[in-house]
Amino acid sequence: MAAPRPGGRPISHVILDLDGTLLNTDSIVSRVVEPFLVKNGKSWDSKKAHKLVEKTPYEAAALVIEDYGLPYSTEEWCNIKPLPGANRLIKHLRSNGVPTALASNSPRSNIEAKISSHEGWKESFSAIVGGDEIEKAKPSPDIFLEAAKRMNTGPSNCLVIEDSLPGVTAGKAAGMHVIAVPSIPKKTAEFSSADEVVNSLLDVRPEKWGLPPFDDWIEGTLPIEPWFISGPVIKGFGRGSKVLGIPTANLPAESFSDLVSEHTSGVYFGWAGLSTRGIYKMVMSIGWNPYFDNTEKTVEPWLLNDFGEDFYGEELCLAIVGYIRPEANFPSLESLIERIHEDGRIAEKALDLPVYAKYKDSPYLRNPLQQANSANGQAELNSK
Ligand code: RBF
Ligand code: MG
């Protein structure tokens with residue numbers, strides 16, 4: 001893992017990219033583009049997703065509109081949600097007095113518009129540099145050098161956090177330390193020029209860079225804003241039980257594509273409600289499962305209880321309340337299984353902590369249909 005250069009001056013300043021790093025620009029596709037295309041009798045070609053990654057939302061919208069010949073303006077595509085961990089990171093840097101700049105290829109006015117709907121963001125930045133304020137856009141280092149200058153510091157004191165390759169290239173060209181948070185999964189190798197590649201902002205460890213650590217981790221877990229999904233348990237053919245010996249009640253991510261796209265892949269935990277049985281502790285994986293090289297994102301909850309029988313057809317409701325780790329690749333099946341069991345032990349113990357235990361009584365777990373977040377997902381139970 002990269003650390004500040006020995007003998008070099010310590011990192012004291014942070015420079016953040018906006019689109020794809022702090023804001024979930026990619027959700028434009030699932031939230032707006034896809035439904036829009038379907039309504040217009042067209043379908044979204046996911047092979048085109050990569051074309052959008054290095055674009056600002058406006059550029060992305062314009063590109064899709066052009067590609068598909070759609071008669072719409074880009075104005076309505078502007079209300080974009082923060083990525084997981086963005087609010088937490090910004091708050092952390094601010095409350096610890098770490099000067100932080102925002103550097104985005106978008107025009108300055110566009111940046112201001114986008115961050116204005118997020119409380120506390122604007123005040124958290126000591127400098128904001130837009131693409132129209134410098135000569136050459138990323139991958140040129142101009143924008144980051146300008147951000148450092150406006151913070152009255154040198155490049156080697158700066159840590160850049162970026163989701164795109166041009167952004168990483170720009171940061172390195174500026175002589176800065178760079179953490180990559182790639183927006184596109186499984187592209188980690190392309191980011192080898194970065195000093196560190198993390199899966200999401202939740203995985204940033206400021207202390208590795210000599211910056212104040214987060215203090216919200218608790219017994220190996222991170223409390224998150226809870227989210228809820230549900231669906232009927234149906235019989236499936238998953239590898240969960242056959243290969244791993246771990247009976248997971250899989251939920252196809254397509255059923256919750258908007259919710260799942262808001263949450264990065266990784267291992268989470270929470271409470272599971274089964275309509276006729278009760279509430280159980282649960283640990284789950286969301287993601288691409290590198291060991292199995294899945295082509296689709298899956299949602300696989302493991303209920304931490306020995307049921308001794310199957311319960312197909314029952315409604316399964318999940319309250320996802322905490323995060324454990326990013327998904328990982330493992331050298332052997334045994335090491336994957338051992339790690340999943342450890343996740344189970346961590347979740348089991350953590351769920352007794354008041355911060356997590358309080359959600360056990362969430363009405364959603366008993367009656368999902370009365371709650372706004374309910375999705376008509378199908379669950380697949382891989383029984384032992
Ligand atoms: N598969 C991986 O390839 N990497 C992981 O880090 C990983 N973590 C998991 C954590 C939990 C709690 C569970 C239940 C499963 C995990 N899996 C992981 C396995 C994956 O979700 C799934 O069971 C397999 O892909 C077989 O379908
Ligand atoms: Mg970006």
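These exercises with worked solutions concern a predicted model.

**Exercise 1. The metal site**

Task: State which residues coordinate the magnesium ion (ligand 2) and at what distances, and give the spacing of the donors along the chain.

Solution:
1. The donors to the magnesium ion (ligand 2) are Asp 17 (OD), Asp 19 (O) and Asp 163 (OD).
2. Their distances to the ion run from 2.1 to 2.2 Å.
3. Along the chain, the donors of the magnesium ion (ligand 2) are spaced as D-x1-D-x143-D.
4. Asp 17 has a relative accessible area of 5%, so it is buried.
5. Asp 19 is buried as well, because its relative accessibility is 7%.

**Exercise 2. The open sheet**

Task: Give the strand order of the open sheet of 6 strands, and identify its edge strands.

Solution:
1. The order is 3-2-1-4-5-6, and the pairing is parallel.
2. Strand 3 and strand 6 are the edge strands, since each of them pairs on one side only.
3. Toward one edge, strand 2 (residues 100-104) pairs with strand 3 in the parallel sense over 4 bridges. Ser 104 stands opposite Gly 130 of strand 3.
4. Strand 4 and strand 5 also pair in the parallel sense, over 4 bridges. Here Val 160 has Val 178 in strand 5 as its bridge partner.
5. Strand 5 (residues 177-180) is covered on both faces. His 177 and Ile 179 are buried on one side, and Val 178 and Ala 180 are buried on the other.

**Exercise 3. The faces of helix 5**

Task: Which residues of helix 5 (residues 108-116) are buried, and how are they placed around the helix axis?

Solution:
1. The buried residues are Asn 110, Ile 111, Lys 114 and Ile 115.
2. Viewed down the axis of helix 5, these residues fall within an arc of 120°, so they line one face of the helix.
3. The general rule for such a pattern is that an α-helix has 3.6 residues a turn, so residues three or four places apart point the same way.
4. On the face turned away from the buried side, helix 5 carries the exposed residues Ser 109 and Ser 116.

**Exercise 4. Cavity and pocket**

Task: Find how many cavities of 30 Å³ or more the whole structure holds, and describe the lining of the largest cavity and of the second largest pocket.

Solution:
1. The search of the whole structure returns 1 cavity of 30 Å³ or more. The space in the largest cavity is about 30 Å³.
2. Its lining is made up of Val 14, Leu 89, Leu 93, Leu 159, Ile 161, Val 204, Pro 206 and Leu 211.
3. Helix 4 and strand 4 each contribute at least two residues to this lining.
4. By class, the lining of the largest cavity holds 8 nonpolar residues, with no polar and no charged ones.
5. The second largest pocket contains about 770 Å³ of space. It is lined by 29 residues, of which Leu 83, Pro 84, Gly 85, Asn 87 and Glu 225 lie nearest its centre.
6. Helix 4 (86-95), strand 7 and helix 10 (257-262) are the elements that give two or more residues to the lining of this pocket.
7. The residues lining the second largest pocket divide into 14 nonpolar, 8 polar and 7 charged.

**Exercise 5. Backbone exceptions**

Task: Locate the cis peptide bond between Lys 138 and Pro 139, and place the positive-phi residues Asn 152 and Glu 219.

Solution:
1. The background is that most residues other than glycine have a negative phi, and most peptide bonds are trans.
2. The bond joining Lys 138 and Pro 139 is cis, with omega about 15°. Pro 139 is in the loop between strand 3 (127-130) and helix 7 (142-150).
3. Asn 152 has a positive phi, near 55°. It belongs to the loop between helix 7 and strand 4 (158-162). With a relative accessible area of 72%, Asn 152 is exposed.
4. Glu 219 is not a glycine either, and its phi is about 50°. Glu 219 sits in the loop between strand 6 (196-197) and strand 7 (222-235). Its relative accessible area is 46%, so Glu 219 is partly exposed.

**Exercise 6. A contact across the chain**

Task: Which element holds Pro 223, and what distance separates its C-alpha atom from that of Val 355?

Solution:
1. Pro 223 is part of strand 7.
2. Pro 223 counts as partly exposed, because its relative accessibility is 33%.
3. Pro 223 and Val 355 are 132 residues apart along the chain, and their C-alpha atoms are separated by 7.4 Å.

How values were computed
Residues numbered from 1 in each chain as written. Chains lettered and ligands numbered in written order. Predicted model: local features only at pLDDT ≥ 70, side-chain atom pairs only at ≥ 80, totals over all residues. Heavy atoms only, no water. Buried < 20%, exposed > 50% of the residue type's maximum accessible area, 1.4 Å probe, protein only. Arc of directions from axis to C-beta. 1 Å grid on protein atoms, 1.4 Å probe; cavity = no way out; pocket = protein on both sides within 12 Å on 5 of 7 lines; lining within 4 Å. Points joined across faces, edges and corners; volume = space filled by probe spheres on them. Nonpolar A, V, L, I, M, F, W, Y, C, P; charged D, E, K, R; others polar. Donors = N, O, S within 2.8 Å, 3.2 Å for Na, K, Ca; no water. Pairing = 2+ DSSP bridges.
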